[in-house]
Amino acid sequence: MTALDVADLVVIGGQVLGIGTGAALEQIDPQAAEAALAEAPVPLSLPDSYAAAAACAHLMSGLLQHPPFPDHREQVAVAVGLQFLAVNGWQADLDPPHVAVIVVQCLASGRIEPDDMAMWLAARLSAPAARGARMPHLSNKGSRMRLPLHRPARRARGGAGMSVDGRMLARFSDYAAAAVFMARQEARRLGHGSVDPEHLLLGLIRVGEGNGISALDRLGVSREALRRQLEESVGHGPGGTYGPVRFSRPRGQKVLTSALPEALAQGTTDICTVHLLLAQYHDDGPASRTLAGLGATEDRVRDTVRCATGVDLEERVTRRARAARV
Amino acid sequence: MAEKLTRGGGSSPTKNMVLRLDLDLAERLAGIAEVEGRSVSDVAREAIAALVEARRKDKRFRRLLEDSLARHQRLLDLLRGDEP
């Protein structure tokens with residue numbers, strides 16, 4: 001892994017704040033910088049995008065708690081996090097930016113933990129370029145974080161994607177968790193090897209309960225028409241899928257993890273079916289286009305959700321479910 | 001850490017810092033200062049400036065940084081409060 005140190009923060013701060021390294025050296029709080037870097041965990045290995053995202057999220061959390069440039073803490077934390085990923089061969093795509101702002105601000109305020117952010121971030125990482133030689137000034141030896149950020153092993157085609165573990169589902173309402181489960185079943189039923197946004201939407205239909213599907217009902221969207229059009233859009237795969245069916249990369253992962261910022265935007269860290277529905281619009285694919293074609297455009301769904309009172313009910317269900325799972 | 005930013009007599013501003021160094025590093029710093037007939041502060045300041053300058057001249061580091069910042073300019077603008 002290539003780790004960052006205080007001198008790197010000076011250069012990054014100088015660049016992102018547009019003040020140059022000289023002024024950045026004058027303005028940086030070196031003690032805060034040291035404290036922020038020291039808070040980053042030191043895992044033994046970072047075998048995949050989640051591990052890289054977790055290291056980045058913890059680094060950003062440290063920088064938000066101990067800002068080396070106190071007047072610009074969020075900007076600098078993001079810039080440093082992006083650079084940390086970049087020097088280790090990872091490229092982040094944090095679009096749409098207004099969603100990333102919500103996630104960063106929630107991390108800054110402590111409303112979400114670094115691990116929560118890591119789940120969101122991991123789905124937005126790619127390793128597009130071959131990692132070149134190590135930065136000459138950065139090495140494992142003597143580095144603060146000493147995290148070996150190795151190129152992730154290329155996974156077998158059928159196994160690519162993200163599993164949804166208990167930690168992630170602990171934030172989901174019962175209906176939302178059921179929709180994720182049913183999404184896998186839908187992918188299997190249609191002979192597909194991974195879960196795409198369309199399968200997740202089919203999962204919401206199969207569950208048939210929750211404020212997400214209720215919002216579609218209020219908009220007059222026919223469940224049957226939606227199901228039929230979704231199935232037509234994705235078609236039937238070759239089948240023969242054995243083993244775990246995971247969320248595809250990048251589409252499935254992006255939509256699944258986009259439910260978190262949708263929840264945060266509504267003032268909760270718990271994920272209901274309506275957040276899974278709103279997350280569909282983070283992907284410009286068959287699912288969101290089919291929804292729009294049936295009258296459930298993003299704006300109309302958001303308006304409907306704002307007017308709905310059923311959100312509280314599902315959140316109460318969520319809290320009970322979370323307590324039970326913990 | 002104690003630090004103080006001062007501006008005096010037309011020269012560039014300076015900042016007082018207290019650096020916590022391990023004993024070995026502090027002794028080496030003092031040794032260099034003694035041999036070269038300079039103050040420990042002078043040597044430390046030069047070392048820090050050299051370290052930052054080395055980073056600044058690292059082309060790959062700079063390129064990656066500029067690429068990252070350019071791709072996420074709107075996000076950074078939003079975080080700065082430049083956009084509604």
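**Chatting through a two-chain model**

Mentor: In this predicted model, 39 residues of chain A touch 30 residues of chain B.

Trainee: OK, and how much area do chain A and chain B bury between them?

Mentor: About 3100 Å², with 64% of it on carbon and sulfur atoms. People often describe the size of an interface that way, as the accessible area lost when the parts come together.

Trainee: Which three residues supply more of the area that chain A buries than any other three?

Mentor: Look for Gln15(A), Glu26(A) and Gln75(A). Together they supply 18% of what chain A buries against chain B.

Trainee: Let's stay at the interface. At what angle do α5 of chain A and α4 of chain B pack?

Mentor: About 155°, and their axes are 8 Å apart. To find them, go to residues 73–87 of chain A for α5(A) and residues 73–80 of chain B for α4(B).

Trainee: So is α5(A) roughly parallel or roughly antiparallel to α4(B)?

Mentor: Roughly antiparallel, because the angle of about 155° is over the 145 degrees used as the cut-off for that word.

Trainee: And is the crossing of α5(A) and α4(B) left-handed or right-handed?

Mentor: Right-handed.

Trainee: Which residues make that contact between α5(A) and α4(B)?

Mentor: From α5(A) you have Glu74(A), Gln75(A), Val78(A) and Ala79(A). From α4(B) come Leu75(B), Leu76(B), Leu79(B) and Arg80(B). Sorted by class, that contact has 5 nonpolar, 1 polar and 2 charged residues. Notice Gln75(A) again: it is in this helix contact and is also one of the three residues named for buried area.

Trainee: Switching topic: how many salt bridges are there between chain A and chain B?

Mentor: There are 2 between the chains. A search of the whole structure, over all chains, gives 20.

Trainee: Show me a pair. Which side chain meets Asp5(A) in a salt bridge?

Mentor: Arg55(B) does, at 2.4 Å from N to O. There's also a pair inside chain A: Arg206(A) and Glu186(A) form a salt bridge at 2.1 Å, N to O.

Trainee: Where do Arg206(A) and Glu186(A) lie?

Mentor: Arg206(A) is in helix α10 (residues 197–207) and Glu186(A) in helix α9 (residues 174–189), both of chain A, so the salt bridge ties together parts 20 residues apart in sequence.

Trainee: While we're on α10(A), at what angle does α10(A) cross α15(A)?

Mentor: Roughly 50°, and the axes come within 7 Å; α15(A) covers residues 286–293. The two helices are therefore oblique to each other. Pro197(A), Glu198(A) and Leu201(A) of α10(A) meet Pro286(A), Ala287(A) and Leu291(A) of α15(A). That set divides into 5 nonpolar, no polar and 1 charged.

Trainee: What about α6(A) and α13(A), how do their axes cross?

Mentor: At roughly 70°, coming within 9 Å. That makes α6(A) roughly perpendicular to α13(A). Val99(A), Ile102(A), Val103(A) and Cys106(A) sit on the α6(A) side of the contact, and Pro261(A), Leu264(A) and Ala265(A) on the α13(A) side. The tally is 7 nonpolar, no polar and no charged.

Trainee: Last topic, peptide bonds. Is the bond from Asp95(A) to Pro96(A) cis or trans?

Mentor: Cis, with omega near -5°. Pro96(A) lies in the loop between β1 and α6 of chain A. Most peptide bonds are trans, but Arg249(A) and Pro250(A) are also joined by a cis one, with omega about 5°.

Trainee: Where does Pro250(A) lie?

Mentor: In the loop between β4 and α13 of chain A.

Note on methods: Residues numbered from 1 in each chain as written. Chains lettered and ligands numbered in written order. Predicted model: local features only at pLDDT ≥ 70, side-chain atom pairs only at ≥ 80, totals over all residues. Heavy atoms only, no water. Axes fitted to C-alpha atoms, helices over the stretch in contact; angles between N-to-C directions. Helix = DSSP H or I, 4+ residues; strand = E, 2+ residues; numbered from the N terminus. Left-handed = near helix turned anticlockwise from the far one by under 90°. Contact = heavy atoms within 4.5 Å. Nonpolar A, V, L, I, M, F, W, Y, C, P; charged D, E, K, R; others polar. Buried area = accessible area lost by both parts, 1.4 Å probe. Salt bridge = Lys/Arg side-chain N within 4 Å of Asp/Glu carboxyl O. Parallel < 35°, antiparallel > 145°, perpendicular 65-115°, else oblique.
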